[in-house]
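Thanks for passing this one along. Here are my comments as numbered points, with the cut-offs spelled out where they are needed.

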Amino acid sequence: MNKKMTISSIKKTKGIRPLVMITAYDALFAKLLEPNSDMILVGDSLNMSFAGKNDTLSTTMDQMIYHTNAVCMGAKNSFVVCDMPFGTFINKEEALKNSIRVFQETPADCVKIEAGEDKADIVKYLTSNGIAVCGHIGLLPQSVRSEGGYKVKGKTENEKLQLIKDAKAIEEAGAFCMVMEGVKADIAGEIASSVSIPVIGIGAGADVDGQVLVFSDMLGLFEEFTPKFVKKYMDGASLVKKAVKSYSDEVQSREFPQEIHTY
Ligand code: KIV
């Protein structure tokens, strides 16, 4: 993972090896994540883990541009995906105007759009105007309010058929890969094999072409809730709290600073 991925090398991983995608929102973490990831996603999930909001819906273009620039500064050798926030791709013109902002104001490599068959025309418009697009199908966090919660998809035959239509429509519209979120594992593989571009899963089981996790979930830093699909690779929240308690205790006892920390 030393060489920066390209759209072509990402596509070529299909059927060869799983892609590793992780979110990041700042330069500090992007630099730490870069050596072991293929793609870094500046997700609109930053509205929850970074900004403390309840969902992603109030994320703005300005926020995405700001955080994407920070991530690109930290991970200069990474393929960076900028998530398009809710309301920024409601029609072709808005989608193109906002995606052009991403390409002109940041070095990001592509945009990600929560879009299935219903928005394939928008994806097509973007790709035919030189915008690289990563799709996002299945559970769409930007629909949380209209759907009344985060609902796993693929539970019925109709949902499965719709997901296959979504995947195919996004591929035909020119997307070079897609994220598939919150889909029953027994059908996720079928959906992934119905297209020739990589399908990167989150909560979609093992039979897909890669995995993405939100970094603050996988590092155990986000304490509000833990979705079933998250594996915590460390207990970051406890580690941070323990370290800060030691600092606080040592400041109060005047154990810190010592001679070596003093000019
Ligand atoms: O915003 C985000 O972090 C995402 C992931 C959940 C894929 O879209």
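**Notes on the model**

1. Let me begin with one ring. Phe176 counts as buried, because its relative accessibility is 3%, and buried here means under 20% relative accessible area, exposed over 50% and partly exposed in between, with a 1.4 Å probe and protein chains only. Please keep in mind that this is a predicted model, in which local features need pLDDT of at least 70, side-chain atom pairs count only at pLDDT 80 or more, and totals for chains, interfaces and linings use all residues. Residues are numbered from 1 along each chain as its sequence is written, and side-chain values use heavy atoms, with hydrogens and water left out.

2. On the aromatic pairs: rings of Phe, Tyr and Trp (its six-membered ring) pair if their centres lie within 6.5 Å, and planes under 30 degrees apart count as stacked, over 60 as edge-to-face and the rest as tilted. The rule gives five aromatic pairs. Phe176 has Phe79 as a partner in an edge-to-face pair, with 5.6 Å from centre to centre and 65° between the planes. This pair links distant parts of the chain, 97 residues apart: Phe79 belongs to strand β3 (residues 79-83), while Phe176 is in the loop between α8 (157-172) and β6 (177-181). Helices (H or I, at least four residues) and strands (E, at least two) are DSSP runs, numbered from the N terminus. Phe79 is buried too, because its relative accessibility is 2%.

3. A second pair is made by Tyr247 and Phe256, which is edge-to-face because the ring centres are 6.0 Å apart and the planes are at 65°. Is Phe256 buried or partly exposed? Phe256 counts as partly exposed, at 32% relative accessibility. There is also a cluster, in which ring pairs link Tyr25, Phe29 and Phe215.

4. Phe256 deserves another look for its backbone. The peptide bond from Phe256 to Pro257 is cis, with omega near 0°. Pro257 lies in the segment after α11, and Arg254 is placed in the segment after α11 as well. Arg254 has a phi near 65°, which is a positive value in a residue other than glycine. With a relative accessible area of 73%, Arg254 is exposed.

5. Now the ligand, which may interest you most. Where does the ligand sit? The ligand occupies the largest pocket. On a 1 Å grid over the protein atoms alone, a cavity is a set of points where a 1.4 Å probe fits but cannot get out, whereas a pocket is an open set with protein on both sides within 12 Å along at least five of seven lines; lining residues have an atom within 4 Å of a point. A molecule sits in either if more than half of its atoms lie within 2 Å of its grid points.

6. The residues surrounding the ligand include Thr23, Leu41, Gly43, Asp83, His136, Val179, Glu181, Ile202 and Val214, where a residue is near a molecule if one of its heavy atoms lies within 4 Å of it. Oxygen atoms of the ligand are approached by polar side-chain atoms of Ser45 at 2.5 Å, Lys112 at 2.9 Å and Asp44 at 3.0 Å. On its own the ligand has 260 Å² of accessible area, and the protein covers 95% of it; the areas come from the Shrake-Rupley method with a 1.4 Å probe, and for residues only the protein chains shown count as cover.

7. Two loop residues between α10 and α11 are worth checking. Leu219 is located in the loop between α10 (215-218) and α11 (236-252), and is buried at 14% relative accessibility. From Leu219 to Val81, 138 residues apart along the chain, the C-alpha atoms are separated by 20 Å. Glu223 is in the loop between α10 and α11 and is partly exposed at 48%. Glu223 and Ser49 are 174 residues apart in sequence, with 9.4 Å from C-alpha to C-alpha.

8. Finally, two further residues. Gln211, in strand β8 (residues 210-213), is partly exposed with a relative accessible area of 35%. Its C-alpha is 6.4 Å from that of Leu19, with the two positions 192 residues apart in sequence numbering. Lys153, in the loop between α7 (144-147) and α8, is buried with a relative accessible area of 15%.

Key
A polar contact is a pair of N or O atoms within 3.5 Å; within protein, one must be able to donate a hydrogen and the other to accept it, and residues adjacent in sequence count only if both atoms are side-chain atoms.
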